[in-house]
Amino acid sequence: MIRLERRAVPSRLWTVATPVAAVLATMVAGGILFAALGKNPAEAIRMIFWDPLFGPNASYFRGQLLVKAGPLILIAAGLAVGFRAGVWNIGAEGQYIMGAIAGAGVALAAYPAESPMIFPAMVLAGALGGWAWAMIPAVLKARFGTSEILVSLMMVYVAQNLLAYMAFGPMKNPQGFGFPGSRNLQQYPSAHNPELIAGTGMHWGVVAAFVAVIGTYVLMHRHIAGFRIRVAGDAPKAARFAGVVPGRLIAFCLGLSGALAGLAGLFEVAGPSGQITDSFNAGYGFTAIIVAFLGRLHPVGILLAGLLMALTYIGGDLAQLMLRLPAAAIQAFQGMLLFFLLGFDLLTNFRIRLGRARA
Amino acid sequence: MMIAGIDIAQLVAMLMVASTPILLAATGELVAEKAGVLNLGVEGMMIMGAIGGFAGAVVTGSPALGFAAGAMAGAGMALLFAFLTQVLLSNQVATGLALTLFGLGLSALLGQSYQGIKPPATEKLTFGPLTDLPVLGPVLFNHDWVVYLSLALVAGVGLFLSRSRAGLILRAVGESHDAAHALGYPVVAVRVAALAFGGALAGLGGAYLSLVRVPQWAEGMTAGAGWIALAIVVFASWKPGRVLIGAYLFGGVTVLQLRLQAAGFAIPVQLLSMAPYLITIAVLVIISARHRRGAQVAPASLGRVFHASR
Amino acid sequence: MKRRSFLTSTTLAAAALGLGLPAMAQEPLKVGFIYVGPVGDMGWSYQHDQGRKAIEEAYGDKVVTSYVESVPEGPDAERVLTQMALEGNKLIFATSFGFMDSVMNVAAKFPDVKFEHATGYKRADNVATYDARFYEGRAVQGTIAGRMTKSNKIGYIGSFPIPEVVQGINSAFIHARKVNPAVEMKVVWAYTWFDPAKEADAAAALIAEGVDVVLQHTDSTAPQAKAKEAGIYSFGQASDMEAFAPAPRISSIIDNWAPYYVERVGLMLDGKWASSATWGGIGAGEVQIGEISEAVPAEVKAEAEALRDAIAKGDYHPFTGPLNKQDGSVWLAEGEVADDATLSGLNFYVEGITAELPK
């Protein structure tokens, strides 16, 4: 008889060991999958995990790792604060879209004027856009007790339709020969979020991601507010005695995660992506939820988890290109990696015992 | 019955067929959520049902066996989710998202040899002269058996949850797993069973897409239907009868906007497409405001991890 | 098997080079493809991949092709294109409109790599564009549809209101009217390239409106199934969709990129590649008319084939005046032919179509 016993404190050893074990297990299971598809498993695994970091063109890929991981980390850092407090914002995708629309809206309204004030104004608008979108579930939750999980998720679809409407209507590039999509902000110097140091992939969004990691770390682990947030998540009733006002807590958590998601959207649309199109949101908001949990809701963990997710995307493309591995195999492989990471996490918080439970 | 040149009976018949996949998936998800588990992997289970059902029907030559295979594929995915969340106690939101990713990938791999094939046809049931009745004929007596099955399942789930002892236990588990456990009910077993049932229905819905609605296999063919199913459960405030209304509303808005376009009306498609989600939010607000001081509408243990410490 | 032979040939080539016999074996030309959808979509990306296979067949050991599928437009596309260039691909085909700005960015960084961008309008010394005159095929379909309809109502499922699709609707309508002055055109926009369920609903909506011939500019076979159920006629799109022949699918437009791809790779091998804008149609073989099935009466089939051949030979242009715009103003005078610039930005219906074009 196998049974689980909750650890009083999470195991330090397993905190470090489980992700490593999970990645190794994924390599074995993924290797079997790749072998079944007639590919050399060792080569495929190397392409995904090794080559982007240390392979022949690694200097380029390392920068791209930051480009891909930046928005994931930025969003996940904000989400984790809420998740710790038991505030479930799963609508970051919608907040990401609204941040992008608001920020790009400022740029498109100002076009073609050049001014150093435009980009800061866009950043502000992006954060506000995401914040405002997140305040809808926050207000409904605080006022009526409506589930923020469900409202924030519904708001994603509303945002997606609004994005399509913008791309085909008001924000369509008047010089785009009738094709959907806005002007490319990369070609509008005042609005462009450029690579700060050539070849490194660093842009303002990546900088913001690092700031968010540090900021949320200080907030959650070095500040009394973080203590209150964690108490609210672990013991909601006790939190009231500790002076936590539920409504304010909800507004703070949703507002923060919404603003960060909005910023991520703004930096993406003004930088690497460049354009508002109907498919510009590539699911970052949802992937960030996975990143937040993979990082165990800890800022440092999120940083590493974001980089790992980005690595599988970049390595996955490389494996497709070099080995003709189908994109579907990469997707299944990513799914496996997540399963193993999430499943193995059990060992951090529980002890596995053999034999009968003591009465 | 005609309004603005549109035959309403025909429109209703169309939206019934259009809504069947999301109705099936939403009914299944409702059972899982009633047991207290939030499975966001509906899209992944549906697409596995789509390829499982398609492959099953092509290999055996029988659509019925295909649907059975689709249900099994969906249930298999659900059991994977159940193992992770119920045995390994992983987070349900993250696991559900991973399940969708995995399902989309795996289905595409399995489907590679089924591209460009036509499946055996699922015939409409014949009701003789009833089919020719005005209004009622096209609405009630001119569908394939899966449409009727989906309606029967909604009714069956409704009765099961409200009238049967097993249904009562399932709801108890969803409301308070600790209390249910203290009363001696097998919380994990109930949840695994509810998840498997939900997965089977999602698989059935997916198979309906690949065997009847399209009918062909193509990668990513569910195109977000699983996410709509999740919205419908919320819209329905976890009541089976309202799932039917929700599915017909969500399916209906798509059908209606396309129908209006065909009739020559210029309509803002994207703005109209937001409507069901906004209505869902409004419904949520109304019911939560009404239940503020009373019983919660959502199962109280929804999405929470259960670990029996004793 | 294919992979093994590729390995041996490259190692042989490398060995030959190592032995100092460069004249004997040239290093194969590496050609990369980037697809927006999965190769298994049985539509757009699938047809491009058929073109890639044609290159392999035509040039054997002289080329090595690779591809990455399901690449989202935006930063991911830019990264994959860069990956391809870094991995030594000398000719890269980007097969979706939304890759346009990414192609331009990457092409600027790799001046010695040649890029081919499908359906776009931006070019450079190392960026060529290509597209197919699908509207030529629509003229043939319109002719058949105008003859086959009994209700005098033809349905058209549009994907997005972009010039390419508007060309198709106009062309089909003009030629249906030509053979049947009583014809009306009903248009439904699905706002998707590929969503089987929605396409099925779109077809059902048109059928409910009384149309008895359906044309589609979306990629799935769902409308075919609806047409079969309703006992009306339809046309295959992108691929032949022969599974639905002889009825409801009475003919089809097949995207056939093979001739263009083979030609461009040939130029590359001969060192004669130059940037160009190619817009091939039936004549060049890029647009193929699928077998007109026996459901179509012999005289209609002959009429349609005559039109096809006239277009192929260049004797006839589907947009030949007199043609008025929807508002009644003159577009083309008697005998005047539409110029390519107007067509590639086409954003209005011709006279006689009653629906309103979404803006």
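Reader: How many bridges join β3(C) and strand β4 of chain C, and in which sense do the two pair?
Author: Keep in mind that this is a predicted model. In it, β3(C) and β4 (residues 114-118) of chain C pair in the parallel sense, over four bridges.

Reader: Which residue in β4(C) is the bridge partner of C:Leu91?
Author: That's C:Lys114.

Reader: And on the β1 side, what does β3(C) do?
Author: β1(C) and β3(C) also have four bridges, again in the parallel sense. One place to look is C:Phe33, whose bridge partner in β3(C) is C:Phe93.

Reader: What is the bridge partner of C:Phe33 in β2(C)?
Author: In β2(C) the partner is C:Tyr67. Strand β1 (residues 29-34) of chain C pairs with β2(C) over six bridges, in the parallel sense.

Reader: OK, zoom out. What's the strand order in that sheet?
Author: The order is β2-β1-β3-β4-β5-β11 in chain C, an open sheet of six strands with parallel pairing. At the edges are β2 (63-68) and β11 (277-280) of chain C, each pairing on one side only. Neighbouring strands in this sheet are turned by 20 degrees against each other on average, ignoring direction.

Reader: Back to β3(C) for a sec. Which side chains point which way, and are they buried or exposed?
Author: C:Leu91 and C:Phe93 point one way from β3 (residues 91-94) of chain C, while C:Ile92 and C:Ala94 point the other way. All of them are buried.

Reader: Why the back-and-forth?
Author: Because side chains in a regular strand alternate between the two faces of the sheet.

Reader: What about the sheet that has β6 and β12 in it, how is that one ordered?
Author: That open sheet of chain C has six strands in the order β7-β6-β8-β9-β10-β12, and here the pairing is mixed. Its edge strands are β7 (184-189) and β12 (287-290) of chain C, and each pairs on one side only. The twist averages 15 degrees from one strand to the next.

Reader: How do β6 and β8 of chain C run, and how many bridges join them?
Author: Strand β6 (residues 153-158) and strand β8 (residues 213-216) of chain C run parallel and are joined by four bridges. For a residue pair to click on, C:Tyr156 has C:Leu215 as its bridge partner in β8(C).

Reader: Which helix lies across β6, β8 and β10 of chain C?
Author: Helix α5 (residues 134-148) of chain C does, and it lies across β9 (233-238) and β12 as well. Relative to β10 (249-255) of chain C, this helix runs at about 175 degrees.

Reader: I've been eyeing C:His175. Buried or exposed?
Author: Buried, because its relative accessible area is 2%, and the cut-off for buried is under 20%. C:His175 sits in helix α6 (residues 163-179) of chain C.

Reader: What does C:His175 touch, leaving out residues up to four places away in sequence?
Author: C:His175 touches C:Ala139, C:Gly142, C:Thr143, C:Leu307, C:Tyr316 and C:Pro318.

Reader: What domain does UniProt put on residues 30-306 of chain C?
Author: The unreviewed UniProt entry annotates that stretch as "ABC transporter substrate-binding protein PnrA-like". In the model, residues 30-306 of chain C are 41% helix and 23% strand, with the end C-alpha atoms 41 Å apart.

Reader: Switching to chain A. Which residues does UniProt list as "transmembrane region"?
Author: The unreviewed entry lists several stretches of chain A, among them 149-168 and 329-348. Residues 149-168 of chain A are 100% helix and 0% strand, with end C-alpha atoms 30 Å apart. For residues 329-348 of chain A, the span is 95% helix and 0% strand, and the ends lie 29 Å apart, C-alpha to C-alpha.

Reader: How do α4 and α5 of chain A pack?
Author: Helix α4 (residues 92-110) and helix α5 (residues 118-144) of chain A pack at about 145 degrees, with axes 7 Å apart. Their crossing is right-handed. The residues that meet include A:Gly99 and A:Gly103 in α4(A), and A:Gly126 and A:Trp133 in α5(A). By class, this contact has eleven nonpolar, seven polar and no charged residues.

Reader: And A:Trp131, where is that one found?
Author: A:Trp131 is in helix α5 of chain A. A:Trp131 is partly exposed, with a relative accessible area of 40%. Not counting residues up to four places away in sequence, A:Trp131 touches A:Gly255, A:Gly258 and A:Ala259.

Methods:
Residues are numbered from 1 along each chain as its sequence is written. Chains are lettered from A and ligands numbered from 1 in the order in which they are written. This is a predicted model: local features need pLDDT of at least 70, side-chain atom pairs count only at pLDDT 80 or more; totals for chains, interfaces and linings use all residues. Side-chain values use heavy atoms; hydrogens and water are left out. Axes are lines fitted to C-alpha atoms, for helices over the stretch in contact, and angles run from 0 to 180 degrees between N-to-C directions. A crossing is left-handed if the near helix is turned anticlockwise from the far one by less than a right angle, and right-handed if clockwise. Contact means heavy atoms within 4.5 Å. Ala, Val, Leu, Ile, Met, Phe, Trp, Tyr, Cys and Pro count as nonpolar, Asp, Glu, Lys and Arg as charged, and the others, Gly among them, as polar. Buried means under 20% relative accessible area, exposed over 50%, partly exposed in between (1.4 Å probe, protein chains only). Two strands pair if DSSP finds at least two bridges between them. UniProt positions are given in the numbering used here, feature names are shortened, and annotations may be inferred rather than shown by experiment.
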